Every structure is written in C-alpha cells, then in structure tokens.
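Here's a quick tour for anyone who likes to poke around inside a fold. Have a look first, then read on.

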Amino acid sequence: MAISVFDLFSIGIGPSSSHTVGPMRAALMFVDGLSERGDLDRVARVRVELFGSLGATGHGHGSDKAVLLGLEGERPEDIDTASVGPRVAKIREEGQLRLLGRHTVRFTEDDDLVMHRRKSLPLHPNGMTFAAWDAAGGLFAERTYYSVGGGFVLDETAADGPVISADTTPVPFPFRTGAELMEHCAANDLTIAQVMLRNELVWRTEAEVREGLLAIWQVMQDCVTRGCEQDGVLPGGLKVPRRAKALHDKLLSEDGAGDPLYVMDWVTLFALAVNEENASGGRIVTAPTNGAAGIIPAVLHYYTRFLSVATEDGVIDFLLTAAAIGVVLKETGSISGAEVGCQGEVGSACAMAAAGLTAVLGGSVAQVENAAEIGLEHHLGLTCDPVGGLVQIPCIERNAVGSTKAINASRMALRGDGTHIVHLDKVIKTMRQTGADMHTKYKETSRGGLALNVIEC
C-alpha cells in the first residue's frame, strides 16, 4: 500500500481520528456503497454496532455522532464543526436519518446504534458493523469496517478475510522500514524529504504538493489561534477547564528575560491549544492521529516562531520528513491507541516531529533517523487510559510533554554524529510487541490506569 503525506496529515474533526474520523468515513462508505448499487431507496432501517474500544469509549469520543453524520453524507474534512451538535440533536429529536441527505428512514438510537462495551471483532479493537433492511424486514446489506488509527478505515469485504483498499500506484522509492528509507537516501544522494516528495509526485505535481502542505500548515496555525482565544470548560462530564488562553495571555505579559526555558512554555501552549480544540470537536489536522494532534503543530510553531533559520521551504521539508517516518510507523508498527496504547499515538507523533525538526535544522539522514528513534523509544509502554472516555485527561498534557520530548530528541541527535546502537525499526518492533503484551484495559477502553483510579478518587 502506498501511503501519501496527505493520508497521514488529513483535515478532520475532533476529538479522535480512530473514534470520530474513521467511523464517519466508514458510515459514509456504507451508504455510498448502497447508492452505487442502486439500493439506497430500498433502505427502511439501518443498524450500526460498535465493538471493542469504539463501544467502550465511543460516547466520550463522539463515535455515535460521527456515525450518524456519516450516514447523512458528511465528510470529516468538510463538515461544519459548529453544526454537529444541532444536527445530531435534530436526528435524535425527530427519530429520522436522511441517508446521504436525500433518503429518510426511521431511526431509534437505543435499537439502531449499539455500543458493545466488552465485545470485540477479531481483526482490530475498533470494529463496526453496518446493516440495512428493506420495508419487508429483510436484511439485504451488511458490511464490517475497522478504524485502524489516523482515520484509516479497513473494509472487510472478501470471503477470505479483511482487506484494505490499497493504493497500488507504483512509486519510485517504495519503503516500509526505516532501513529501506535510508537505503534509498544513500543510494540516490537524497534527503528523506526528497524521497517522500519523489513518491508524492506520482499523484500530484510538485506545486500541488506544496500548496496542499501549506494548506495543512495553515489549518494547524488556525487551530492554535482558536485554542488561544477560547476559555471556559471542555465538553463532557469532567468539566476540564481550558488553560491555553490564560497561559497565552500570561506569556504575552512576560518577556522571558532570565528564563532559559521560556520558549518551552510557548511550545506547551501550542500543544495545549490544539488539543483543547480537538477535545471540543473542532477542526483539526490528524497528525498522525487526533489524540496526538498537538505535537507536530507545536514543534512546527517552535521552528517558525523561535528559530531564525525557519523558511516556508523548511515547513514543507518538515512535513515531508515527518510523513516518511509516519509511513514506517504505519506500515510496520501502529498509530492506534486501541491497538498498542498511547505509545502508538503520542510516541509516533513525537518521533515524527523529532525527525522533521532535525531535518530542517540541517541534520543528516542518520541524525534524522536517530531523532525519530529517540522520540519513540522513550514512549515505549505508554498506556492509553482516557479518563471518562474523553480525549482530555491525560491526553492534552501528554501532547505538551510529547512536544518538548520531540525537541529534546532532536537536539540530542543533532549533538551526535548519527551513529547509535538502537535503530528505529527495532524500536517500532518493540512497540508492536509491547502493545500485543499490554492488557486490553490499557488500550483505550477507559477500564484501567488513570481512567480507573481518577474515578475511584
């Protein structure tokens, strides 16, 4: 499967790429399929079942809302985030769904949207099944999907098992592992960003890649700006107060003189702003997931606002380099908290950000790989234990800490010569093994860790 930079960095809606973006896309895929087969008008009832982590924490992650809006034809990259609450309230009040916005069916949430809190499908913890019945009560369409992290959706269609709708376009420099990526760089005297760009050119012109990445960067900047302007409390029962605005105002009132870590407070602010917006269901860039969406924007803001070497070309190279590391993580590891814990979300984002920063600060290919390895290695074993099933505690602060870790990892790599004993592929393999050994309750179920102990307190 060829993965594009625009697969890893996609514009969507909070609070979760796997629990919100993925289910919305899956719901749309299901009704689009009905429409393509000419079956949409046959539908008298649809029923959706969410399993595993989706069932356990779906309400807190907005999976129920995402499914309803996806069935009505909405896309995460286009939806008006301000319309979500009123639209869902109207569906529930009227007891009707407008499939693809044009075919109305009766809808009873208790019966037609089922959350299985302790039942999972075999392939992945984020499984969901969609079914359609005709007016005579006959089941005529059923499809299972898996939201495998970062908004990616796997479609179970074949009789011999699940398959992913892969892009089979041949690219000039195919790679799955860090070693393969570095081999391409060495053999062709290219940077990691240049390898990624050459692959992107099979889908788009260089101008289109540049325009698209700058648009992604603009959404990241807008997200930080909105996060710094909003106050109050975050939605959900925890009543978590927003902190970004107060911190922003405080930092603006200070000059930082005499405090060598003043800049790091700004990095913390950038991450908090993004993840508070995410927790509020705002417009977000999946990077590579929504739960870890604050890290790459925070480190990019650090680069553009505080480093004199920053350029627009540097922003492009940062994102291309980070995406290349994301491809390796996606292909050989995991970016799904429900599959391997938060090491696969915050850990992956930290590795990607560290690599991107190292590249634009003049690091060699070996130093870039070293920075990614350091960033991921020191998140190994990190659990995913959202309190109350909400992407708030500890997720928001975890992004802030992950951002500063990424900068630290980059600086460590740049101070070395690129030689190191533990390589990225080994750490990704370890992450995968650790995730497999991790008890299910620590993988986005809200049944372990802080999610259990904070409620008990």
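What follows is a short walk through the cores, a helix, a strand residue, the cysteines and a record annotation.

## The nonpolar cores

Keep in mind that this is a predicted model. Its largest nonpolar core counts 97 residues, and the members that touch the most others are Phe9, Met220, Ile296, Phe318, Leu319 and Leu329. Helix α13, spanning residues 312-332, is the top contributor, putting in twelve residues. Both domain 1 (5-164) and domain 2 (178-442) supply at least three residues to this core.

Ile296 makes a handy spot to zoom in on. Setting aside neighbours within four places in sequence, Ile296 is in contact with Phe9, Met220, Ala287, Phe318, Leu319, Ala322, Ala349, Met352 and Ala353. Apart from this core there's another one, made of 37 residues, with Val46, Leu50, Ala66 and Ala132 among them. As a general backdrop, nonpolar side chains in soluble globular proteins tend to be buried together.

## A mostly covered helix

Helix α2 runs over residues 17-36, and 15 of its 20 residues are buried. After α2 comes Gly38, which has a positive phi, near 75°.

## Glu49 in its strand

Is Glu49 buried or exposed? It sits in strand β2, residues 45-50, and it counts as buried because its relative accessible area is 18%, under the 20% cut-off.

The Glu49 side chain has a polar contact with the side chain of Arg47, at 3.3 Å. Looking past neighbours within four places in sequence, Glu49 is in contact with Val114, His116, Gly127, Met128 and Thr129.

## Cysteines without a bond

How many disulfides does a search of the whole structure find? Zero. Take Cys342: the closest cysteine sulfur belongs to Cys384 and is 5.4 Å away, so the two are too far apart for a bond; the cut-off for a disulfide is 2.5 Å.

Cys342 is also buried, because its relative accessibility is just 8%. Cys185 counts as buried too, with a relative accessibility of 4%.

## What the record says

An unreviewed UniProt entry annotates residues 188-451 as "domain: Serine dehydratase-like alpha subunit". In the model, that span is 62% helix and 2% strand, and its end C-alpha atoms lie 49 Å apart.

Key
Residues are numbered from 1 along each chain as its sequence is written. This is a predicted model: local features need pLDDT of at least 70, side-chain atom pairs count only at pLDDT 80 or more; totals for chains, interfaces and linings use all residues. Side-chain values use heavy atoms; hydrogens and water are left out. Buried means under 20% relative accessible area, exposed over 50%, partly exposed in between (1.4 Å probe, protein chains only). UniProt positions are given in the numbering used here, feature names are shortened, and annotations may be inferred rather than shown by experiment. Helices (H or I, at least four residues) and strands (E, at least two) are DSSP runs, numbered from the N terminus. A polar contact is a pair of N or O atoms within 3.5 Å; within protein, one must be able to donate a hydrogen and the other to accept it, and residues adjacent in sequence count only if both atoms are side-chain atoms. Contact means heavy atoms within 4.5 Å. A nonpolar core is a set of buried Ala, Val, Leu, Ile, Met, Phe, Trp, Tyr and Cys residues joined through side-chain atoms within 4.5 Å. Domain bounds come from an automatic or database domain assignment.
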